[in-house]
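Reader: I would like a close look at a single part of this protein, set against a careful account of the whole. Could you take me through it in one connected answer?

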Amino acid sequence: MKKMTKKILIFIIALLFIGIYYYVTLPAVNIHSVGFWTALMAVILFVTFISVVSKLRRPAKLNVVENQPVSKSLKEIKSFKIGIGLFLIVLVIYLAGNILSSPIINASRYQKLLNVSESDFTQDIQPVSYNTIPLLDKDSATLLGNRKMGSMVDMVSQFEVGNDYTQINYLDTPVRVTPLVYASGIKWLTNHKAGIPAYIKIDMTTQDTECVKLEQTIKYSKSEYFNRNIYRHLRFHYPTDIFDDQIFFEINDEGTPYWVCPVRKFNIGLFGGHTVGSVVLCNAVTGECTKYPVENVPTWIDKVYSAELLMQLYNYHGIYKHGFFNSVLGQKDCLKATGGYNYIALDDDVWVYTGVTSVSGDQSNVGFVLMNQRTMETKYYKVEGAIEDSAMSSAEGQVQNLGYQATFPLLLNISNEPTYFMALKDGAGLVKKYAMVNVHKYQWVAIGDTVKDCEKEYMALLVKNGISESKGNESPYEQIIGEITAIAPVTVEGNTHYYVALDHADVLFDVDVTDTKLVDIIRYQTGDQISFTYSAEDGGLNVVMEITGLPPKGRP
């Protein structure tokens, strides 16, 4: 009877251990999950331990000859032998699974995980629209988010800004979004019933930062405890799914917050070659979950494949062209992605941009790739030039007296020239200037206080070096000739500008007289004929790049 009671007690203790371990670590019940095998080995060791301890505490037998107690050794306890045997069997299976799933054996299968098509830069990457350029990186967005949170006196003592800052396309505009989180465990105790009241949205083109307050609060998030923690909520709904390391905070077109949760698909053996097979979409307010095959996710979702996963898949494609051992020894035709990446908005999707270089570590790119974060579509562009680090150093060299640091660049099409565009930040992380660097000739650097100023300098640099003329490219600017119907000086951010109205034109023209090429505008007056080269803007105030007509004679 005592023996049966002890077995029941051991069983109950084992169940408690399994329950607590599962609740805390949340392993998927799936043979492809490393966590599943780790949990299995932990359970075997724990059950073996309590079983051995229970047997070691039994009254010792007496040695009938010497009348001395005889204690059992571990080798004599059957449960110890069985436990260690099971543990070793599971460990061998786990190690064998890792080896059989590795690139050493399956290099060609790893190389084919990503389908890469070659494309043409000037056809796919249209001349830039500055309304779609994300001018901020995540670090700058974090500064803006924290600054905005500091001004929210009704929430700042209870909540902080989360560190997600997911970059998405929201209504055709690149933005970063991140939820608020509870400031501490104590703040969670006092606020979790009401939930998280808002999220931060940052326009990456205008730097406008908004704290979006919700009518229905966020109840499921990474900062929740117990069952409303988003990871635990997903695990209890989908116990066998292996979720990717990154889940993404996004908003739909109506501004409703969601968690986009990719589910891994393993293509090679037990643990190798993972991609994304499906996506769980979880409403952050209600907790309602919907699962989609990866090819059928709603189009408003931008993040399915993380940038890190896409970079890894491309490296498999570039490194294992001629097998595993060639990637280690001869390294013939081995290419890899450069160390950094950035995002580009194309066709209402977010694409990851990164350069492609040889594994030898030289300072030049052989091309670059764009990888769609929703569909995994990957395009390779053969554009030789400087590696991003070299372009960043070249831009920083132009402002070395100021000590500004360059962000990882975007690749833009400026007058059909592949061009690196980057922000220059001071020591506090604030954007102070912008730089454009020619990919082919990274010594050609243009710096400007604004994006427009930077572009103007860069275009002049291209013309000076005969690039635009030699290729016969159309100018991105327009020209107009007309009679001045009104002209007036105004002050914009401490600088003098002239606003000019022309007959037959329903827009105004902005002439910045701090630009020495435009200072002749002060010699014109109403009734004079004038010719402008200008950049057409959406707001009805076009920016003048050059005064192409001659100033009136006889005027100072």
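Reader: To begin with the whole, what percentage of the 556 residues in the protein do buried residues make up? After that, please turn to the barrel and say which strands form it.

Author: The model is a predicted one, and in it buried residues make up 50% of the 556 residues, where buried stands for under 20% relative accessible area. The accessible surface of the protein amounts to about 27,800 Å², and 55% of that surface belongs to carbon and sulfur atoms. As for secondary structure, the protein has 13 helices and 29 strands. Its radius of gyration is 32 Å, whereas the globule rule gives 24 Å for 556 residues, and because the value lies well over that figure the protein is more spread out than a compact globule. The C-alpha trace, followed along its principal axes, spans about 130 × 60 × 45 Å. Among the contacts with a separation of 6 or more, 53% are between residues 24 or more positions apart.

Within this protein, the part you asked about is a closed barrel of five strands, which runs in the order 25-26-27-29-28 and has mixed pairing. On average, neighbouring strands of this sheet are turned by 55° against each other, with direction ignored. One of the pairings can be followed in detail: strand 25, which covers residues 478-492, pairs with strand 26, residues 495-502, in the antiparallel sense, and eight bridges join the two. In this part of the barrel, Ala488 stands opposite Tyr499, the latter a residue of strand 26.

How values were computed:
Residues numbered from 1 in each chain as written. Predicted model: local features only at pLDDT ≥ 70, side-chain atom pairs only at ≥ 80, totals over all residues. Heavy atoms only, no water. Pairing = 2+ DSSP bridges. Helix = DSSP H or I, 4+ residues; strand = E, 2+ residues; numbered from the N terminus. Axes fitted to C-alpha atoms, helices over the stretch in contact; angles between N-to-C directions. Rg over C-alpha atoms; globule rule 2.2 N^0.38 Å. Buried < 20%, exposed > 50% of the residue type's maximum accessible area, 1.4 Å probe, protein only. Contact = heavy atoms within 4.5 Å. Areas by Shrake-Rupley, 256 points an atom, 1.4 Å probe, with all protein chains shown as cover.
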